[in-house]
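Here are my notes for anyone opening this one for the first time. Have the model up beside you as you read.

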Amino acid sequence: MKILMYGTREDEKEAALAWAQKENVKVTFNDGPLTMETVDLLDGYDAVTTSQTAQFDDRLYEIVANKGIKQIAQRSAGFDMFDLDLATQHGLIISNVPSYSPNAIAEYAVTAAMNIIRNTEKIQRKVREHDFTWNKTIISKEMRSMTVAIIGTGRIGSITGRILNGFGAKVIGYDLYPNEDAKAFLTYTDTLEEVVRQADLISIHMPLTKDNTYMFNADLFAKMKDGVYIVNTARGGIVDTKALLDALNSGKVAAAALDTYENEAPYFPKDFRDKEIEDKVLLELIAREDVQVSQHIAFYTETAVMNLVEGGLNSAKEVVETGSCENRVN
Ligand code: NAD
């Protein structure tokens, strides 16, 4: 069996080569994503795994299917870059790796939350300028004095809630489908409005869908406490970034940590040190002291990368051998 692994980063190769040897499968690496320019590399392969970040070109489903390939195994939990109906129409199975290490993202969300409530970025900037004073601009809050709202209490949200409960925070939650196990450390509210109204810090952990695009908009920010903290490690499109900037400017939001940004695809995870960033909103977010932007990196731990590589390759192989796979999403 031959599998082509698109979008391969250096840090993925060791795990992929170990898997290939163990499974007796030939795995070939390509650095770039699966696009109209690179799709013909698939000739002669049995299966494919991808790490797409930008929207998948609609024309590719038919081309991939015509090469006799039956699946696309995405090496991430998110699969919003694919049009599942179109893939199904062309007989292609799309799979993801739903749970490769929820702790990785949860621990990052907690780190980001601690950073913004403890002003670590402002403190470091002052120290670098040799300003060692204590003053009100860097006085912090303690997590144990806060009510934290977890929006989306699935795998990642529930671990985040459990860790923050360990810090002594009062943890409340909102989910369309409350999670019985999470009730051990958080209290559910019936509505989104109620949960955000009570919260000092809000951490977002739900998938992006048509229904929750811009759920965090000017109306919802208006219902929050003054000086609320926002952490988004889920998907950028859940937050209307311009409304967030207005809320930061008015003081409604004290600070935000954004590991995802609605228009991140051209930039994350790419090197723009020698290139111009045209997105003025992104530039403003990066420049602000009250916003901590990161490059969709919450998942990025050694454990998670190994599980993602193995998960993608396992699904690709499973479809070739059985005609379907456990992690199929369409
Ligand atoms: P999950 O499916 O286990 O949990 C998601 C929860 O959100 C579910 O309980 C679901 O009922 C709830 N939900 C869905 N729509 C909702 C809505 N409109 N209102 C309230 N609740 C809603 O998913 P997970 O594994 O915990 O992942 C959560 C999200 O984290 C993913 O969808 C992905 O977008 C994001 N993520 C980010 C990174 C990163 O590196 N930043 C990595 C992996 C996942």
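The points below go from the sheet to its helices and then to the charged pairs.

1. Ground rules. This is a predicted model, where local features need pLDDT of at least 70, side-chain atom pairs count only at pLDDT 80 or more, and totals for chains, interfaces and linings use all residues. Residues are numbered from 1 along each chain as its sequence is written, and side-chain values use heavy atoms, with hydrogens and water left out.

2. The sheet. Start with the open sheet: seven strands in the order 8-7-6-9-10-11-12, with parallel pairing. At its edges you'll find strand 8 (187–188) and strand 12 (291–293), and each has a single partner strand, so one side of each lacks a neighbour in the sheet. Strands here are DSSP runs of E with at least two residues, helices are runs of H or I with at least four, and both are numbered from the N terminus. Two strands count as paired if DSSP finds at least two bridges between them.

3. Strand 10. How many residues of strand 10 are buried? Five of its five (residues 228–232) are, where buried means under 20% relative accessible area, exposed over 50% and partly exposed in between (1.4 Å probe, protein chains only). Val228, Ile230 and Asn232 point one way, while Tyr229 and Val231 point the other. That fits the usual pattern, since side chains in a regular strand alternate between the two faces of the sheet.

4. Its neighbours. Strand 10 pairs with strand 9 (residues 201–204) in the parallel sense over four bridges, and Ile204 stands opposite Asn232. Between these two strands the chain passes through helix 8 (residues 218–223), in a right-handed β-α-β crossover. Right-handed means that, with the strands pointing away from the viewer, the path from the first strand over the helix to the second runs clockwise. With strand 11 (residues 253–258), strand 10 shares five bridges, again parallel; here Val228 faces Val253. Helix 9 (residues 241–250) completes another right-handed β-α-β unit with strands 10 and 11.

5. Helices on the sheet. Helix 9 lies across strands 10, 11 and 12, at about 140° to strand 11. Helix 6 (residues 155–166) lies across strand 6 (147–151), strand 7 (170–174) and strand 9, at about 170° to strand 6. The axes are lines fitted to C-alpha atoms, for helices over the stretch in contact, and angles run from 0 to 180 degrees between N-to-C directions.

6. Helix against helix. The axes of helix 9 and helix 10 (residues 280–287) come within 11 Å and cross at roughly 35°. Thr241, Lys242 and Leu245 of helix 9 meet Val281, Glu284 and Leu285 of helix 10, contact being heavy atoms within 4.5 Å.

7. Charged pairs. The whole structure has 23 salt bridges, each a side-chain nitrogen of Lys or Arg within 4 Å of a carboxyl oxygen of Asp or Glu. Glu10 and Lys13 form one at 2.8 Å, N to O; they sit three residues apart in helix 1 (residues 10–23), about one helical turn. Glu10 is exposed at 62%. Arg125 and Glu121 form another at 2.9 Å, four residues apart in helix 5 (residues 120–128). Arg125 is partly exposed at 27%, as is Glu121 at 34%. Finally, look for the network of salt bridges that links Arg9, Asp11, Glu12 and Arg75.
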